[in-house]
Each structure stands twice: as structure tokens, then as C-alpha cells.
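Colleague: I'm new to looking at protein models. Could you walk me through how to read this one?

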Amino acid sequence: MKHGKNYVESAKLIDKTKQYDANEALDLCVKTAKAKFDETVEVHVRLGVDSRHADQQVRGAVVLPNGTGKTVRVAVFAKGDAAKAAEEAGAEIVGAEDLLQKIQGENFLDFDVCIASPDMMGLVGRLGKVLGPRGLMPSPKAGTVTPDVAKAVTEAKAGKIEYRLDKTNIIHCPIGKASFGTEKLQENFDTLLDAIIKAKPAAAKGQYIKSCVVATTMGPGVKINANKLTAASTAEN
């Protein structure tokens with residue numbers, strides 16, 4: 001794969017054979033973000049679990065202290081007082097049967113987070129094949145199926161992100177923008193890693209955090225010393 005001039009220049013700053021401390025790695029991400037737009041910084045964590053087993057799933061949600069830097073559009077399935085509360089909390093799209101029809105009939109998916117009150121899940125369940133593959137299906141584990149829809153909207157707007165294993169046992173999450181600077185990115189990184197460590201399944205054996213890489217949207221990946229993160233996870237448990 002051929003990389004552009006900026007990527008090649010950025011890659012020269014990173015020692016591919018080295019595993020950095022988290023703050024060093026994030027500092028390198030900030031320095032190597034050379035695109036004309038504000039690049040997102042993403043974390044990729046490979047865990048020593050097997051996502052094929054139900055008792056080794058790792059999934060949850062966490063509010064990043066400094067947000068993600070992204071404007072989040074929220075859709076809420078609710079009726080009555082809950083619908084009103086969602087609107088007052090800042091949800092852009094609120095509805096019930098009408099919203100279902102819009103998504104089914106017009107393939108309307110102009111939102112980043114979907115929240116539902118529990119009484120709406122019979123309705124929302126019909127959208128599983130549409131919302132599921134896009135990671136938009138409301139879930140109690142992620143806090144997006146809740147009677148307190150207003151709180152869920154507020155958290156989503158404040159920078160709540162969902163983390164979950166993919167089929168290769170890796171969690172991919174944004175932790176902010178390069179413009180945040182190292183300190184704010186570090187706070188977000190620590191918050192996410194703390195949540196992932198606390199979510200360690202009892203059935204997980206051996207080293208929990210196998211590897212961790214941070215990278216900007218257009219930049220090269222920077223390896224973080226997984227042994228230090230594992231030491232933290234061992235201390236937590």
C-alpha cells in the first residue's frame with residue numbers, strides 16, 4: 001500500500017520496534033496529525049478473550065471526560081412524557097411508529113446514536129437488521145435502552161462511547177481529536193481503559209490486554225506497552 005508524503009514523514013517520528021508509554025504514544029499522535037482536517041484519535045485494544053463464547057464478551061459504555069470532539073445527532077424512540085424529556089435534553093429526532101416508518105420506508109439513518117425507552121423495544125426490535133449492522137441498535141448494556149431517556153441523551157451529547165469486541169477480539173474506539181492535545185487525550189484514554197479493565201470477564205485467562213495501538217485518522221499507528229496496561233488490569237482485579 002502506497003502512503004502519502006505526510007504519512008511517510010509522520011512514520012519517521014515513530015520507532016516501529018518500540019512500545020511506548022501511553023502519554024508518549026498520544027503525544028506522537030498529536031505531532032503526526034498532519035491532515036487539513038482535525039483528525040480523530042482512535043484506540044485499538046486486542047484482548048486475550050474469545051468473543052465466540054458468551055461468558056467472554058466485553059461490552060459496555062463510558063462517558064469520556066473531554067468528549068469525542070464530534071457533534072452527536074441523537075434519535076430517540078419514546079412517547080408521551082419520555083418523548084418530551086428527550087426533546088428538552090437536546091435529541092434531534094424523537095418519535096415512535098412514525099420514526100419506524102421513516103427508517104424502514106426512507107432508509108433514514110441520519111443519526112449517530114439511537115436511544116429507546118423500554119416500552120418501545122417491541123417496535124425497535126423490527127429494525128434489528130437495519131440498525132444492528134451499523135452499531136445503532138439500542139442496548140441495555142450500552143445504556144441506550146433506559147426509562148431515563150433524557151439522561152441518556154445528555155450523556156450521548158457529552159461524549160459517551162460504546163466499546164465492544166469485534167470478531168477478532170479487538171475493541172476500536174475514538175477518544176477525541178488531535179486538537180485536544182496530549183493531556184485531554186490521556187484523560188479520555190485512561191477513562192476508556194479503566195472501563196475495559198473493569199469489564200474483564202471472570203472466564204478470561206492469561207494476559208487480558210494483548211496489545212494496544214493508538215492512531216489518528218490518516219496517521220501511522222503507535223504501539224503502547226501492553227505489559228504496563230496489563231499490570232494495571234491485574235492490580236484492578
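Modeller: Sure, and let's begin with a term: two strands pair if DSSP finds at least two bridges between them. Keep in mind that this is a predicted model. Here's a case: V76 stands opposite V94 in β4. Three bridges join strand β3 (residues 74-77) to β4, and the two run parallel.

Colleague: What is the strand order in the sheet with parallel pairing?

Modeller: The order is β4-β3-β5, an open sheet of three strands. β4 (93-95) and β5 are at the edges with a single partner strand each, so one side of each has no neighbour in the sheet. On average, neighbouring strands here are turned by 15 degrees against each other, direction ignored.

Colleague: Which helix lies across β3 and β4?

Modeller: That's α4, residues 97-106, and it runs at about 125 degrees to β3.

Colleague: Okay, now the other sheet. Which strands make up the open sheet with antiparallel pairing?

Modeller: Four strands, in the order β7-β1-β8-β9. Here β7 and β9 (222-224) stand at the edges; each has a single partner strand, so one side of each is left without a neighbour in the sheet. From one strand to the next, the twist averages 25 degrees.

Colleague: And where do the side chains of a strand point?

Modeller: The general idea is that in a regular strand they alternate between the two faces of the sheet.

Colleague: How many bridges join β1 to β7?

Modeller: Seven, and the two strands run antiparallel. To find the pairing on screen, look for T40, which stands opposite K177 in β7. β1 is also joined to β8 by seven bridges, again antiparallel. On that side, H44 stands opposite V213 in β8.

Colleague: What joins β8 to β9?

Modeller: A hairpin, through five residues. The pairing of β8 and β9 is antiparallel and covers three bridges. There, C212 stands opposite I224 in β9.

Colleague: Which strands does helix α8 lie across?

Modeller: Helix α8 (residues 182-198) lies across β1, β7, β8 (209-216) and β9. Its direction is about 155 degrees to β7.

Colleague: Now for the empty spaces. How do you find a pocket?

Modeller: Rolling a probe the size of a water molecule over the atoms shows where empty space is left. In this model, the largest pocket has a volume of about 880 Å³. It is lined by 32 residues, and the closest to its centre are D112, V113, G135, I161 and E162.

Colleague: Which elements each supply at least two residues of that lining?

Modeller: There are strands: β1 (40-47), β2 (59-63), β5 (113-116), β6 (160-164) and β7 (170-177). Helix α7 (149-158) does so too. The largest share comes from β7, with five residues. So β7 turns up twice in our tour: as an edge strand of its sheet, and in the lining of the largest pocket.

Colleague: How do the lining residues divide into nonpolar, polar and charged?

Modeller: The lining of the largest pocket has 15 nonpolar, eight polar and nine charged residues.

Colleague: Let's zoom out. How many helices and strands does the protein chain have?

Modeller: Nine helices and nine strands. For overall extent, the C-alpha atoms fill a box of roughly 55 × 45 × 30 Å along the principal axes.

Colleague: What would the radius of gyration be for a compact globule with 237 residues?

Modeller: Near 18 Å, and the protein chain has 19 Å, which agrees.

Conventions. Residues are numbered from 1 along each chain as its sequence is written. This is a predicted model: local features need pLDDT of at least 70, side-chain atom pairs count only at pLDDT 80 or more; totals for chains, interfaces and linings use all residues. Side-chain values use heavy atoms; hydrogens and water are left out. On a 1 Å grid over the protein atoms alone, a cavity is a set of points where a 1.4 Å probe fits but cannot get out, and a pocket is an open set with protein on both sides within 12 Å along at least five of seven lines; lining residues have an atom within 4 Å of a point. Grid points are joined across faces, edges and corners, and a volume is the space filled by probe spheres set on the points. Ala, Val, Leu, Ile, Met, Phe, Trp, Tyr, Cys and Pro count as nonpolar, Asp, Glu, Lys and Arg as charged, and the others, Gly among them, as polar. Axes are lines fitted to C-alpha atoms, for helices over the stretch in contact, and angles run from 0 to 180 degrees between N-to-C directions. Contact means heavy atoms within 4.5 Å. The radius of gyration is taken over C-alpha atoms; the globule rule is 2.2 Å times the number of residues to the power 0.38.
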